Amino acid sequence: VSIAVDEGDVVEAGQVLAELKKDEAEAQLRQAQVNVQQTKTAYDLAVKQSEAGHGTQVDRDNTRFAYEQALAEIEMRRITLQNLTIRAPIGGVVTKRAIQVGTLVTSGMTAFEIVDPDSLMLAIHPPEKEIPRLKEGQTAQVRIDALPGRVFQAKIRRISPSVDASSGTVKGLLDFDDADRRAIP
């Protein structure tokens, strides 16, 4: 129904990204609320009859179970209604918007992609023979083709203990300094 953000926007965790059509879910919630009132009335009546010696324990229990089931149904309907508002699960930058107003959105479908710039890291694949020269915490200098002439500082976060048999390389992960991380697109 509506989209509140676009690619490149900075969002906070929990921020509304889009609203989906809610009229059917709202009607189902109202229907569940009526059902709760009906089953509560039936349960209260069954309790009074049981206390007066006119009703059975089975009737009272069955109406209590129906009432509890109606309460559970109303909770499910509330959750369904809440899920029709798409919210950012993390703070970061919207890097992809895969829906438009009018798009049919289904469960499990990617609607937005968000990247947390603070989580930026770089995977490297040095040759196996370089393993003795590398250690976790070691400083590295990184050059990025998109930013010629700039050198960024990073540290080795992790080095894989296994060698890729097809390439003869090991995988390593580099973390950038905070100042450099923000400068990298």
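These are my notebook entries on what I looked up in this structure, which is a predicted model.

**Entry: the open sheet**

I began with the strands. Three of them form an open sheet, and their order is E2-E5-E6. The pairing in this sheet is antiparallel. Which strands stand at the edges? Strand E2 (10-11) and E6 do, each with a single partner strand. One side of each is therefore left without a neighbour in the sheet.

I then followed strand E5 (residues 92-97) along E6. The two pair in the antiparallel sense over four bridges. I noted two facing pairs here. Lys96 stands opposite Glu113 in E6. Arg97 has Phe112 in E6 as its bridge partner.

Next I checked the faces of E6. Phe112 and Ile114 make up the covered face. Glu113 and Val115 make up the uncovered one.

**Entry: E1, E3 and E4**

I turned to the strands that pair with E3. E1 and E3 run antiparallel and are joined by two bridges. In this pairing I found Ile3 opposite Ala18 in E3. E3 and E4 also run antiparallel, and three bridges join them. Glu19 stands opposite Thr85 in E4.

**Entry: the largest nonpolar core**

How many residues does the largest nonpolar core have? I read off 23 residues. Val11, Leu17, Ile86 and Phe112 have the most contacts inside this core. At least two residues each come from E3, H1, helix H2 (57-82) and strand E6 (112-115). H1 gives the largest share of this core, six residues.

I looked at Ile86 on its own. I left aside its neighbours within four places in sequence. Ile86 is then in contact with Gln15, Val16, Leu17, Ala18, Leu20, Ile99, Ala111 and Phe112. Two of the names in that list, Leu17 and Phe112, appear in the core entry above as well.

Another core lies apart from the largest one. This other core has nine residues, among them Ala140, Val142, Leu147 and Phe176.

**Entry: E8, E9 and E10**

I followed two residues of that other core, Val142 and Phe176, into their strands. Strand E8 (residues 139-142) and E9 run antiparallel, joined by four bridges. Val142 stands opposite Phe152 in E9. E9 also runs antiparallel to strand E10 (residues 169-176), and seven bridges join these two. Here Ala154 stands opposite Phe176 in E10.

What do E9 and E10 form together? They form a hairpin, with four residues between them. I checked the turn too. Gly168 there has a positive phi of about 75 degrees.

**Entry: the largest pocket**

I looked for open space next. The largest pocket holds about 510 Å³ of space. Its lining is made by 28 residues. Leu20, Lys21, Leu84, Thr103 and Val105 lie nearest the centre of the pocket. Strand E1 (2-3), strand E3 (16-19), helix H1 (23-51) and strand E4 (85-87) are the elements that give two or more residues to the lining. Which element gives the largest share of the lining? H1 does, with four residues.

I sorted the lining by character. It divides into 12 nonpolar, 11 polar and five charged residues.

**Entry: three single residues**

I picked Ala32 in helix H1. Is Ala32 buried or exposed? Its relative accessible area is 5%. Buried means under 20%, so I noted Ala32 as buried. Not counting residues up to four places away in sequence, Ala32 touches Glu73, Ile74 and Arg77. I also took a long span from here. Ala32 and Arg158 are 126 residues apart along the chain, and 52 Å separates their C-alpha atoms.

Asn83 came next. I found Asn83 in the loop between H2 and E4. Asn83 has a relative accessible area of 53%. Exposed means over 50%, so Asn83 is exposed. The C-alpha atoms of Asn83 and Arg143 are separated by 43 Å, with the two residues 60 apart along the chain.

Last came Asp164, in strand E9 (residues 152-164). Its relative accessibility is 37%, so Asp164 counts as partly exposed. Asp164 and Thr103 are 61 residues apart along the chain, and their C-alpha atoms are separated by 42 Å. Thr103 is one of the residues nearest the centre of the largest pocket.

Terms used:
Residues are numbered from 1 along each chain as its sequence is written. This is a predicted model: local features need pLDDT of at least 70, side-chain atom pairs count only at pLDDT 80 or more; totals for chains, interfaces and linings use all residues. Side-chain values use heavy atoms; hydrogens and water are left out. On a 1 Å grid over the protein atoms alone, a cavity is a set of points where a 1.4 Å probe fits but cannot get out, and a pocket is an open set with protein on both sides within 12 Å along at least five of seven lines; lining residues have an atom within 4 Å of a point. Grid points are joined across faces, edges and corners, and a volume is the space filled by probe spheres set on the points. Ala, Val, Leu, Ile, Met, Phe, Trp, Tyr, Cys and Pro count as nonpolar, Asp, Glu, Lys and Arg as charged, and the others, Gly among them, as polar. A nonpolar core is a set of buried Ala, Val, Leu, Ile, Met, Phe, Trp, Tyr and Cys residues joined through side-chain atoms within 4.5 Å. Buried means under 20% relative accessible area, exposed over 50%, partly exposed in between (1.4 Å probe, protein chains only). Contact means heavy atoms within 4.5 Å. Two strands pair if DSSP finds at least two bridges between them.
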